[in-house]
Amino acid sequence: ESARLDERTPASAALYARARQTLSGGVASSYQVRDPWPIYLERGEGSAVWDVDGNRMVDFHNGFGSMVQGHAHPAITEAVTARITRGTHFAAPTEDAVVVGEELKRRWGLPRWRYVNSGSEATMDAIRIARALTGRDTIVKVFGSYHGHHDYVMVSIGVPYGEIGDRDDLASLPYGAGIPQSSVDMTIPVPFNDAPAMERRIERLIAEGRKPAAVIMEAAMMNLGIVLPEPGYLEAVREITRRHGIVLIFDEVKTGLCIAAGGATERFGVTPDMVTLAKALGGGLPLGAIGGTEEVFEAVESGKVYQVGTYNGNPLGVAAARASLEKVLTPEAYAHLDALNEHMVTGCQAVIEEFGLPGYAVGVASKGCVTFAPEKIVDYESFKKYQDGELADLAWLYNMNRGVFMTPGREEEWTLSVQHTIADCDVFIDAFAQLAADLTR
Ligand code: PMP
């Protein structure tokens, strides 16, 4: 399979050799690195992308989940084109910014909003606002969760199995070098799907005089494949944080606009104090948002904390978001995504059962994955213990060689777009069936 990929992608290989002379590692972001070389893309339309070798692939990567609208959606192209000819940047608010805010308020049931340009900015600002509001420094996060690339949250991600620590005292470790120890020490990880462990950790922090400002988490983990919340877990977290006066932040950079019109908040029926959005919000343009209660945003409105940025609410981004929310990500779109994902999950699960593979398929609306593991993954510890990374790598190769474009990492999930069809899903299921057949031959 490796040789086949080499043969299919000589132009990517050549561009990689050239890129390395200029771009560090030949890529724009470390998450674009992939052996033997990154696949350089040339264009996207609907559910498909074309690489620089002219290979057409059905896109299940979808910009790490940003392109739920599919590529070059006519409604978004039209809105962005109209905006371009009327000026693209003012650093002054436009009407679209207001309309998008009103729609987010309606979908999330949170009354106040601000914009940023990425998921990292959203989580950074949300945490700062929670710290300003409470006057406290410590934050609690879920072990293994990714919330962006700033110091507050680059903690306890990608940790090897032996270094995770005890369930009640998980290790705070920097994710890569360059993160100040003081920042790492302020970020306390707890296991997913274990509300009692979270409460014990919070009580210990309070006893030590380090009451947390916030708990930041994804309602469903989206970077270990997909780990859904067990029944009652989110409700318990909501109750614990409320009782202790700790700001609950749902990081919906991945789930928001991907798993329901009102994200995980709607899908699971638990409303946090703050949410962070990015990725699919901008319909392919860089746009993020922070939503919250009036009480939380009083910290901003009173001038206690600055939530700022030259490009916040940039006209192109909010024009794309408005078109996306009004014309593309409609209730019918989510019904279509649910039906597609049902087909994906059922199809992959049937392959798993037919060939007796160690794994299972899981999905919700536009997001799903096959997890190669003999046991159900419920948190980071079980992911590290059970996930078969070599199988995940092999699946990537099989996909790429059969016209299925997937994220380069072992830990990502598929993202479907509203422009995908059942036939597109069958390309994925067929590639998976070939992998399963060859593995068990
Ligand atoms: N939060 C979550 C849950 C994410 O998945 C990501 C990106 N994968 C981020 C935040 C950071 O977003 P960005 O890459 O736009 O900074």
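These exercises trace strands and their partners in a predicted model.

**Exercise 1.** Find which residues of strand β2 are buried, and say how the side chains alternate.

*Solution.* Step 1: locate β2 at residues 48–51. Step 2: recall the general rule. In a regular strand, side chains alternate between the two faces of the sheet. Step 3: sort the residues by face. Val49 and Asp51 point to one face. Ala48 and Trp50 point to the other. Step 4: apply the cut-off. A residue is buried if 20 or more other C-beta atoms lie within 10 Å of its own. Val49 and Asp51 are buried, while Ala48 and Trp50 are not.

**Exercise 2.** Name the residues that stand opposite Val49 in strands β1 and β3.

*Solution.* Step 1: take β1, residues 41–45. This strand pairs with β2 in the antiparallel sense over four bridges. Gly44 stands opposite Val49. Step 2: take β3, residues 56–59. Strand β3 pairs with β2, again antiparallel, over three bridges. Here the partner of Val49 is Met57. Step 3: check the turns. The β1–β2 hairpin has two residues between its strands, and Gly46 in the turn has a positive phi of about 60°. The β2–β3 hairpin has four residues between the strands, and Gly54 takes a positive phi near 85°.

**Exercise 3.** Describe the sheet that contains β13, and the helix that lies across β13 and β14.

*Solution.* Step 1: write the order. The sheet is open, with three strands in the order β13-β14-β16 and antiparallel pairing. Step 2: mark the edges. These are β13 (360–364) and β16 (414–415), each pairing on one side only. Step 3: examine one pair. β13 and β14 (residues 367–371) share five bridges. Val362 stands opposite Cys369 in β14. Step 4: add the helix. Helix α13 (residues 331–355) runs at about 175° to β13.

How values were computed
Residues are numbered from 1 along each chain as its sequence is written. This is a predicted model: local features need pLDDT of at least 70, side-chain atom pairs count only at pLDDT 80 or more; totals for chains, interfaces and linings use all residues. Two strands pair if DSSP finds at least two bridges between them. Two residues are in contact if their C-beta atoms, placed from the backbone, lie within 7 Å. Axes are lines fitted to C-alpha atoms, for helices over the stretch in contact, and angles run from 0 to 180 degrees between N-to-C directions. A residue is buried if 20 or more other C-beta atoms lie within 10 Å of its own, exposed if 12 or fewer, and partly exposed in between; C-beta atoms are placed from the backbone.
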